[in-house]
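Trainee: Could we go through the labels in this model one at a time? I would like to see which cut-off stands behind each of them.

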Amino acid sequence: MDDTTARPGGRQHRVEDGPLLRGAGRFVADVPQDGQAYGVFVRSPHAHARVVAVDADAARAAPGVLAVLTAADMAGLGSLAWHQPMAGRDGTPLAMPVRPVLAETVMHAGEPVALVVAETPQAAEDAAERVVVDYAERPAVTDVQRAVLPDAPQLWPEAPGNIALDWAAPPPEQGGDPAAVDAAIAAAAHVARVCHVDQRIMVASLEPRGATAAYDAESGTYLVRACSQGAGPLRDHLARILGVDRARVRVITEDVGGAFGMKSGPYPEYPALMVAARLTGRPVHWMSTRSEAFLTDAHARDSILDGELAVDRDGRFLALRLRTLVNLGAYVGQVGAWLATGNFSRCVPGLYAVPRVDIGVRCVFTHTTPTGPYRGAGRPEANYLMERLVDEAARLSGLDPAEIRRRNLVPAAAIPHRTPLGAVYDSGDFPALFETALRLADYPGAPARKRQAEARGRRRGIGLSCMLEHAGGMPTEGAALTFPGGDRMVLALGAQATGQGHATIFPRVVAEKLGIPRDTIGFVEGDSATGVVSGMTVASRTTSAAGSAIVRAVAVLLEKGRRLAADALESAEADIAYADGVFGVVGTDRRIGLFALAEVARARKRAGDIAEDLDTVVATDTPHTFPNGCHVAEVEIDPETGTVAVVRYTAVDDCGVVLDHTLVEGQLHGGLAQGLGQALLEHAVYDADSGQLVTGSFQDYAMPRAADMPPVTAAESNTPATTNPLGVKGVGEAGTTGSLAAIMNAIADAIPGPAGAALDMPATPEKVWAACRAAAPG
C-alpha cells in the first residue's frame, strides 16, 4: 500500500504478535481457577417445543456431579433480550419478547434447557446425557418469507404476523416522501429492479465462546472471565440480567480469538454460569464446542433485498426505493433490529447523488438462532443491494458499468454532502478514488483479458463495487492515563482488542502526543474494574472513538500539569510550556519532568494539599466517520464445472489518516476473506420441516481457505475525517462491505444476460454451472 500518509513508526511490528506466536496468549480456557468445576449445557433438539418436564435425578446421582440447574433455578433473572428503543412506521414499538437464561419453551434448536456442573469436563458430559427432557413439540417456521404468510406458525403474541418491527426511512418529519419516489420511478426512462437473497452465514470465530464465573459469598460479588468485545458493557448486561448493582460484577477479558461482532452481547450461558457458581460455591467454567457454536452463536445476515433505481436517459440516478425482509431469529439479538434499519440506511445511497430515497424494512421472527452483528453489520447488505442495482441500471441503459458510476458520483466540491436520509459525508474525494481504482485494476484492459480467457475455454468477468459505510456506533468512549510510580505511565481503555492491534497503536498515539518514549507507557484493557467508559469494539469505531478519548485525556492531563508545574516552579501558569516530557518556565532553565511532577502531585494529594493529581480519566463523544472505497474483482469461471476463481482483486480505500499501514492491510485482507466466503461458499441452512440446522458442522458449511484468496492490489486515496482530532476513519468493515458486490458483479459480467445477473450468493459451482448452461447460445 502507498506509504505517503504513514507517520513515523507506521510499519512497526505489532507488539501483540510475539506472545501469541510463542503460545503465551491468555484466552478463556488458559486461565483455570482454583477449585474450578465444569459446566455442560443440555440443549433442545427441537426448534419449537414446550418443556413438559426435566428429569435430572440420574444426572445428579452420577459420579462427580455438583449440580443440575434448570429454569426453576433461574427464577428472578431478567431477560437477555435488550435493544435500544425503536418504533415502526406507525409508531408501534419494536417487539421485545423475553429471552430466558434456561428455557421452559424452546424457540430454536440448540436453546439451553439445563446446566450440569461437575468436577471434570468428562463427568459433566456423561451426566448431561442422563438428563431426560420431555418435550411437547410445536410447529416451527425458519424461512423469513414463509414466516410472514398468514398461515405461518406465530412465535410471539406481541408480534402479530411475526413482524417485530415495520420501519421506514426517511420518516415524514425528516422529509420522507414515498409518493415522490413512486412518481419518479413511474416516469423514469429506465428502472433497474433486482431481488437478491442475502443468505444466513456463521461467524465461525477461531476461538469459540467461553466463560468462567466465580462468586465470592463474603462480598456478594461475581467475577466473570469471558471472551468479549468489551468487558464494561458485558458487565452492565450481566448485572442487569441478575438484578444486582454493577459494582457486584467484574468482567475480565484478555486475549480473544476472533469476534467480528458476535461476542458483543450477553448469551444465556454467562448468567447461568454465574448462578451455578453462587449455588455450588465453586468457579464454573464452560467452553463452547464447535457444534454448540454453530447452534448458539449469533448468526448473521439472512434477508431478502429488493430494490428499484430510477434512471434518466443520460444515465443519471433519479430515485431509489429499497425494501428488505430481515430474519431476526427467535429473539431480538444484540442490536439486531438496528443493524437492519439504522446501520443499513446510513450507507444509502453510497457514493452516489440520488435526490430521492424511500426505504422500508420489516424485521421478522423465526424459529432460528438469533441474528446479530457480523463484520459490516448492515453495511454490506446496503452496499450489495445498491451495487447490484447500479450494474442492472448499466445493462438497461447500455452504459458501461464504470461510466454510469462516474456520472453519478458525488463530486468532491459537493462535500460535505447531506444524503436524503440525513447522513452528512464530512470528507472524501469519490471521483479521484474511483479513477485510481480503475487504473490500478487496468479496467480498460479487461475486454482483452476476457478474450484471452475465452480462448482457453474460460469465462472471465470484471465487477465494480463503490463502497461507503458509516464507522461508529455508540458515540461515548473513555480513556485513562495513570502514573503508577517511577518513569511509567499506564494507558487504560474500555475498548477490547480482538485482533485489531490496540496495544500497538494506542500507546504510540500517547507517546507521540506527549513526546515521551513508547516504552514508558503500559497498556491495560479488558477489565471492567478500571471504570473506563466504553461502547465496545464494534462498528469500526474504536480508532476514532478511543483515539479521540486519548487525545482528550492528554489535553486534560497537560492542563492539570501546567497548573501543578506553575506551583512547583513558582511561576504563572501562562508562562509554563510543555514539550517532550518536560514542563518548563518560558525563557528560563527552571524545569520539571512529567514523571517527576506526577510524583510530586501524588504526594501533595495524599497530604491533602490538592484535590487531584495527574491521573486522568475522561470520556468523550465522537461523531461518525464515513470510510469509502472502490473495489474491483476479476473472476474466471470454468463453464464445465461452474468453479469460480477470483484471479485479481483491487481495493482503493479512504480510511482517513492512517496510524499504522500494517494494521490497515490486515483489516482489509481479513475483511476480504470473509466477504469472499459469503460470496462464493458460505450458507447456513435450516430444514424447513423440522427446523434443524442442516449445516451444523464444517463438513456441511464451507469456509474460505488460503487457496481461495486472490492476489490483492491495495492502495489508499485518503482524505482526513473532520469529525475527530486524529482525522481517522474506520477500516475494519471495508473488505467485507466492498467485496460482495464486486465478486458477484464480476460473475454476472462473465455470464452475460439474466442468468448471470440473477445469481444469488453463494455462487456455488452448481449454481454457476446452471447459469452458464442457461446463457450458452442455442
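**Labels and their cut-offs**

Mentor: Searching the whole structure turns up 11 aromatic pairs. The model is predicted, so local features need pLDDT of at least 70 and side-chain atom pairs count only at pLDDT 80 or more, while totals for chains, interfaces and linings use all residues. Residues are numbered from 1 along each chain as its sequence is written, and side-chain values use heavy atoms, with hydrogens and water left out.

Trainee: Back to the 11 aromatic pairs. What makes Phe294 and Phe698 an aromatic pair, and why is the pair called edge-to-face?

Mentor: Rings of Phe, Tyr and Trp (its six-membered ring) pair if their centres lie within 6.5 Å; planes under 30 degrees apart are stacked, over 60 edge-to-face, and the rest tilted. Phe294 and Phe698 are 5.1 Å apart centre to centre with 75 degrees between the planes, so they pair and the pair is edge-to-face. The two residues are 404 apart along the chain: Phe294 is in helix α8 (residues 290–296), and Phe698 is in the loop between α17 (661–680) and β28 (712–716). Helices (H or I, at least four residues) and strands (E, at least two) are DSSP runs numbered from the N terminus.

Trainee: How do you know that Phe294 is buried? And what is Phe698, buried or exposed, or in between?

Mentor: Buried means under 20% relative accessible area, exposed over 50%, and partly exposed in between (1.4 Å probe, protein chains only). Phe294 has 4%, so it is buried. Phe698, at 41%, falls between the limits and is therefore partly exposed.

Trainee: Which label goes to the pair of Tyr578 and Phe583?

Mentor: That pair is at 4.8 Å centre to centre with 55 degrees between the planes, which makes it tilted. Both Tyr578 and Phe583 are buried. There is also a cluster, in which ring pairs link Phe294, Phe698 and Tyr701.

Trainee: On to helices. Why is α10 called roughly perpendicular to α11?

Mentor: The axes of α10 (residues 379–397) and α11 (residues 401–408) come within 9 Å and cross at roughly 110 degrees. Angles of 65 to 115 count as roughly perpendicular, under 35 as roughly parallel, over 145 as roughly antiparallel and the rest as oblique, so α10 and α11 are roughly perpendicular. Axes are lines fitted to C-alpha atoms, for helices over the stretch in contact, with angles from 0 to 180 degrees between N-to-C directions.

Trainee: And what is the handedness of the crossing of α10 and α11?

Mentor: The crossing of α10 and α11 is right-handed. In such a crossing the near helix is turned clockwise from the far one by less than a right angle; anticlockwise would be left-handed. In this contact (heavy atoms within 4.5 Å), Glu387, Val390, Asp391, Ala393, Ala394 and Ser397 of α10 face Pro401, Ile404 and Arg405 of α11. By class, the contact of α10 with α11 holds five nonpolar, one polar and three charged residues. Here Ala, Val, Leu, Ile, Met, Phe, Trp, Tyr, Cys and Pro count as nonpolar, Asp, Glu, Lys and Arg as charged, and the others, Gly among them, as polar.

Trainee: How many residues of each class are in the contact of α6 with α7?

Mentor: Helices α6 (residues 231–242) and α7 (residues 269–280) have axes that come within 10 Å and cross at roughly 60 degrees. Leu234, Leu238, Ile241 and Leu242 in α6 meet Tyr270, Pro271 and Met274 in α7. The count is seven nonpolar, no polar and no charged residues.

Trainee: Why is Leu309 called buried?

Mentor: Its relative accessibility is 0%, so Leu309 is buried. Leu309 lies in strand β13 (residues 300–311), and its contacts include Met386, Leu389, Val390 and Ala393.

Trainee: What is noted about phi in Val335, and in Glu570?

Mentor: Val335 has a positive phi of about 50 degrees although it is not a glycine, and Glu570, also not a glycine, has phi near 55 degrees. At 18%, Val335 counts as buried, whereas Glu570, at 70%, is exposed. Val335 lies in the loop between β14 (317–329) and α9 (336–346).

Trainee: Which peptide bond before Pro170 is cis?

Mentor: The one from Ala169 to Pro170, with omega near -10 degrees. The bond from Met761 to Pro762 is cis too, with omega near -10 degrees.

Notes: Lists of a residue's contacts leave out its neighbours within four places in sequence.
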